[in-house]
Amino acid sequence: MIQPDRIVSTTCPYCGVGCNLQMHVRNETIYRVTTPFDAVVNRGTLCVKGRYGYDYVYNKQRVTTPLIRKKLQKPGKRTQAFDLDEWRQVSWDEALDYTTQRLVEIYQRDGSDALAVYCCAKATNEDNYLLQKMFRALFQTNNIDHCTRLCHAGSVVALQMAVGSSAMSNTAAEVIHNDVFILTGANASENHPIIALQMKKAIQKYGAKLIVVDPRRIELVNYATLWLPEKPGTDVPVFSAMAHVILKEKLFNPEFIDTRTENFQDFAASMEKFTPEFAEIVSGVDRNLIVAAARMYASAKNGAIYWALGIPQHVHGTDNALALINLALLTGHIGRLGTGLNPLRGQNNVQGASDSGAMPWHYPGYQRVDDEAAAIKFEKGWNQPSGSLNRQLGLTTTEIVSHIAPDGVRAIHIMGENPMMSEPDLNHTRHQFEQLEFLVGQDLFINESHAFADVFLPAATFAEKDGTFTNTDRRVQRVRQVIPPRGESRADWEIICDLAQRIEARLEVPTARWDYAHPSEILEEMGTLVTEYAGVKYKRIEQVGLQTPVYDDNHPGTPFLFAEKFPRGRGKFHPLEYHACAESIDQEYPFILTTGRVLEHWHGGSLTRHSWLDDLYPEALVEINPVDAEALGVKSGDTVNVRSRRGSIHLRCKVTEKTTPGVVFIPFHFHEAPANILTIEAIDPLAKIPEYKSCAVAVTRASEKDLKNPEAQQARGRY
Amino acid sequence: MDDPKLMDLQTKLDEFAPTGRSALLPALHHTQKLFGYIPQAAASRIAASLHIPLANVHGVIDFYTLFYRQPVAETVIHVCNDPVCAFAGSDSLFKNFYREVPHQAASGGLETIALERSPCLGLCEHAPALLVQGMATAGAAGQSWQDIITGNFGRPHTQITREVDILTSNCGKGAPTWLAAYEASGGYQAFRKALGMSPAEVISQVKASGLVGRGGAAFPTGVKWEGAANAPGSPKYVVCNADEAEPGTFKDRVMMESDPHRILEGMLIAAYAIGANKGYMYIRGEYIHQFEVMAQARQEAMTVGYIGERVLGSDFSFDLELRLGAGAYVCGEETALFESIEGKRGLPRIKPPFPITHGLFGKPTVINNVETLANVPYILSNGAEAYRKIGTERSPGPKLFCLSGDVEKPGLYEVPFGVTFRHVLYDLAGGVRGGRKMQATLFGGAAGAFATEKDLDVRLSFEDLKAAGLPLGSGVIMVFDDSRDLKQILLRLARFFAEESCGKCFPCQIGTQRQLEILQNIASYGTSAGDREQLEDVARTMTDASICGLGQTAGSAVMSAIQQWQDLFKPARERKE
Amino acid sequence: MTDDITLTIDERPVTVPEGTTILQAAKSVGINIPTICYHEFCTSNGLCRICVVEVEGSRTLVPACVAKVSQDMVVRTRTPRVVNARRTILEMLNASVDLSEDENIQDLMHEYAADEARFPLAEPRQHAILDDNPMYIRDYAKCILCWRCVQVCADDAQYTYAINFSGRGYHTSISTYYDLPLTETTCVFCGQCVGVCPTGALKPKREWLMELGYTPDQIMQMTRTERKSRMRRPQASA
């Protein structure tokens, strides 16, 4: 029995739920994670990642000294270096001076547009705030984005258009106050495990009814009253047909529509064509199920909608989200406890990174860069000359990659992210990365993207630094240093401050301020510029986090939004049209591929594949419905080739009814068989989010010899 | 998938599926019939069809001793291991079997046979008792193994002695009294009469009769019915507890195999009285023959419309399901029995709440013992007055006693409450076998207490026995002559409890094991200092702190023996002095 | 609305809302009733019976964790009968399982002067350590059958139902479906079970390897193959 030297309370670094972790430490080794049973978010429960997934901190492959590439990399000939032999261990001074020199060189030669930065939804609010500040204030660029573009951009844009705020409207734990809730495009059991538990509890113990609208037979279908198995990308017809039924049967909430919304007539007219019969033809969902779902949701006392990336990751992702918003406005299921529009955020701090301004069109607090008053406010706040900040909208994640060119983006700074796994059409991404002039990687491991870098800055993990994360229900929670940083690694905010000061010295400009003694000072600075964070102070969130907006030091936080009005005044209905997905199936590519995550892994795998978590799920598996498997002549464990117009991968298959006939599913964590080799770089015109959830593929039998790592196999019973 | 047996099973499971989890025990029985055990592939099918988590199916299979997760012999023979059968020679039967089997196995004849020690099989008057593939044998001691194995044995015939002729009038004829005969003897008249009364009138008749439960707890039946009738909630259930497993008890077996309709009639009246449209009869797993008799009687009753929609043209509808247990004494505890019907491990629930408000499936439920229900038709037919004329003021009615052990005429005795122990033992049962002296008589079964010569004149009624410190229990009178080793008796009772404890609460789960260990040690090495105190502490803790009646009585025989025979557990050295 | 109930606990009047358990009622006036299986987060089943108290008019002792208060109830939490039951349960339990890592039970043993050698001939429950997955080990020789793990795996938290029971009585044990390795069950390795285990029977694997004397670096360098080869092989306790 091991007695802990100390137990440190912090916040889980994986998904957006934001569970509290109590890390037990002995001899600077974390050996056990517990969580209090009165923890406000997770009530004593954790998932496998939170409970056991911290061990990447100690992985031997982690880089804990600054590195510079031995061989100078030239645009067009840039190569990947995973092997440490190809790198030189250097001092922090050398690494940061070198970075400063190269970035300033390019900036002075090619100007602001030549630089871009990937912020990180895994890093803290403080880290992200500083990184965007550095690029905005020092290099006057708005080419700042992070993976939110790849996940909820469609939801964010739609919510901004319709209600004027893009966060989850209600608290996840309020699900027990729902009597009917819709879950769509979200496999909560795998991706938001603790919220899934709360949903099951709501159903099993509080009698809530669940409507699942999803092309996959997700685990929560077992708990659902209705399951509408739609074809991928047919959300607009399905949800609009529900609206059609609600309008026809007069199940809407006229008082709410009168007092809280606008544009009802135009919207109602556009719903005429979305008959359940039409929706059935397009989506494959039985019209009676659509009618039943519409009646159930509309007649609920408290109805709510929860969704994740199945909604926004489409070329019509914004429309999909608008279809959901229309339903909530139509029935008035918003602005009260146990109702709402709830996009479940993926990353631990995707909400916070967005709040902190890690976005190309917004300063912190969603203040637009093309708004003169906002620009002036930030010029003052950051001690910059009047008119110096760039008023042009910056490039989004996917645009940054496509703009890599001699007269476009020349240098990128990547903190934590891995576009070489997460971008669609990876063969194209690889080609683009090869054209870069300079690349800075700031991370724990040399991932597929950092392997292209010139310099690698070793960052501290979440367990080695202080800061805050903002979870999916807008709760700002403390992240605490549990153990000292391993080796020479440093907290991201410290690296950024050090680098920024060197750049300022070289540019000989007045300082935007980088001399923070503690991250709490960074958050306070952000609070002076972002009203929603004005009252969030470290001393107030020692025990329990605060839910933004928190307008001042006495404001109690905001468990649910829009009680009296929407930020844009009235909620706006949007008329909708049906658009098909970018790529449809044909004889050559007869299956729809949809992608996503599994419980045991996280995104590009930088963390989880360096953890013992990998033992539980060591290889990519493509899920195929038994009907299709029989036609293809494959059974579970057989190797198949999956091919799209853009690339091809080999992996084993899992025959399961979790996926519907005609649809195959591949998780995108595995560099041995990266799903995003296959996906299509078609983007939503408004939100610029790629269509990860649908593309056409062919599946054929293959040989085990084609697998990159045939030994990796683990019999699992949980499917 | 290709296994034809699995496909057969699936067909049956599709029938069970609408019943859900509550069909688990029937599904497991069916599977075991098909395969001889429960293979993993079959268990997985059951789990999927009935929507039960896999691990929970495992938990249920493993709880019941009659279910096997591994292949077992084609023929399984259960040999009763309890004191009466042990003294009658079950141990030597066991030994002989093992002596004889190797020879036979070499010739290829016996390798498919397994012998299992079993708790009381409810055949105590035929000790030593055997079940061969569920079939009871008679006089096993006098038969060769060859005859037993080949099924060449007689069926036991229970001797019934009557001083009153109310419960057993149709019993002991060597065959079941089927519907026509039952009706000819006035059967179902009471039920017809009840249908003409209001449910409240029926309840008030039963209350007035003073009938109390015969399962052991002696709770007033009418009060129970009234409680369930008035309890909010629906549906309501009536359950017949036929999980007769108290060592030394066989009365319910005799009634089920001889006069099944009397029990059904009692259930119908109970169901009508409380407003239940659904009943369950839970029969212990070892009573396969009795289960089949009851099933046939149920079929008869359905055919003529005693069971079904709008019974006899009335507004009353009734559906009855029979459930076969699978080897768990604790399921005789009413809440454990509910759990078992619901397809769970047979673990007793915390009380309160009580079954009348939160019983089967959490709904208001009346659960009565077989014998209790068998009293009801008489009460309805003849009225409470007539019933009260039998027995004593506070224990009205007839009572069945199960005499076994060292008695001249072991068997079933129907007497009015209030006759003396001496009268039953000496006048009716012919006294102690071979004219020996009675050393001790266990009253109430394994959960009982010992009577001695001084108790011979105690009147057999609830009130008199209570005053004498003896439990009536289920009517067990197990006689031991002066040649028997009391510590052996206690050891066997202790083994019974250790094997039958469900394991839910710590006092019983661990206490029954500690009690067994101490008594085993005494049997092997003699009594040591502290043994008696340990036995007392363990027994007292089980009695005081266990969840259910099993644990609360698991130490009562030991405590009773310590009180009766002060020197029984004196350390050997002290005794010498 | 619930009505308030007034009762007496250890001669002190206590007023609590209807539906309160005796345990909660006692706690509200600072009277501590010991518990073992009870966990605020889990369904109470009244298993360990350490929390038994004497209630006037009740034939047997009453488990305070599940018994609700009633008007004018008279409760005594530390009578000789209660103390004897608690001590005997502790002594019997101690003879059955390895309680060394349960500080609460160790404190209770001391408080109730339980004799550690009370049942010298008792057969302890022996189980080989189960090391069949990368996340946690199961050392059922330390299992007291408090049920918490089974309950949090089921309806108390996780709705996963990966574990249930084998056997019954003294020989009950926690088990997977047909004793399969955890990886082949519905287990999602959330570790809720590890989080509620009071005795160290369930333990993170890395913590266990540290106890066996491996250094953190050695542990982290164990390859997947090495870790796999350890699995399923019963391990002797350190």
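Here are a few worked exercises on this predicted complex.

Before you start: residues are numbered from 1 along each chain as its sequence is written, while chains are lettered from A and ligands numbered from 1 in the order in which they are written. Because the model is predicted, local features need pLDDT of at least 70 and side-chain atom pairs count only at pLDDT 80 or more, whereas totals for chains, interfaces and linings use all residues.

**Exercise 1. Work out which chains touch.**

Step 1: get the criterion straight. Two residues are in contact if their C-beta atoms, placed from the backbone, lie within 7 Å.

Step 2: go through the pairs. Chain A and chain B do not touch, with their nearest C-alpha atoms 10 Å apart. Two pairs of chains do touch, and chains B and C share the most contacts.

Step 3: look at A against C. Each of these chains puts in 32 residues. On the chain A side, strand 3 (29-34), helix 1 (48-52), helix 7 (193-206) and helix 21 (613-616) supply at least two residues each. Helices (H or I, at least four residues) and strands (E, at least two) are DSSP runs, numbered from the N terminus.

**Exercise 2. Lay out the four-stranded sheet of chain B.**

Step 1: find the order. The sheet is open and parallel, running 8-7-6-9; strands pair if DSSP finds at least two bridges between them.

Step 2: spot the edges. Strand 8 (319-324) and strand 9 (365-369) of chain B each pair on one side only.

Step 3: check one pairing. Strand 7 (residues 278-283) of chain B is joined to strand 8 of chain B by six bridges, and M281(B) has L322(B) as its bridge partner.

Step 4: add the helix. Helix 12 (residues 260-274) of chain B packs on the sheet, touching strand 6 (237-242), strand 7 and strand 9 of chain B. Its direction makes about 150 degrees with that of strand 6 of chain B (axes are lines fitted to C-alpha atoms, for helices over the stretch in contact, and angles run from 0 to 180 degrees between N-to-C directions).

**Exercise 3. Decide how far to trust chain C.**

Step 1: take the average. Chain C comes out at a pLDDT of 93 (the predictor's confidence in each residue, from 0 to 100), and 92% of its residues score at least 70.

Step 2: look for the weak stretch. Over residues 231-238 of chain C pLDDT stays under 50, and the model has 13 contacts beyond four places in sequence for them.

Step 3: add the complex scores. The predictor gives an ipTM of 0.94 and a pTM of 0.94.
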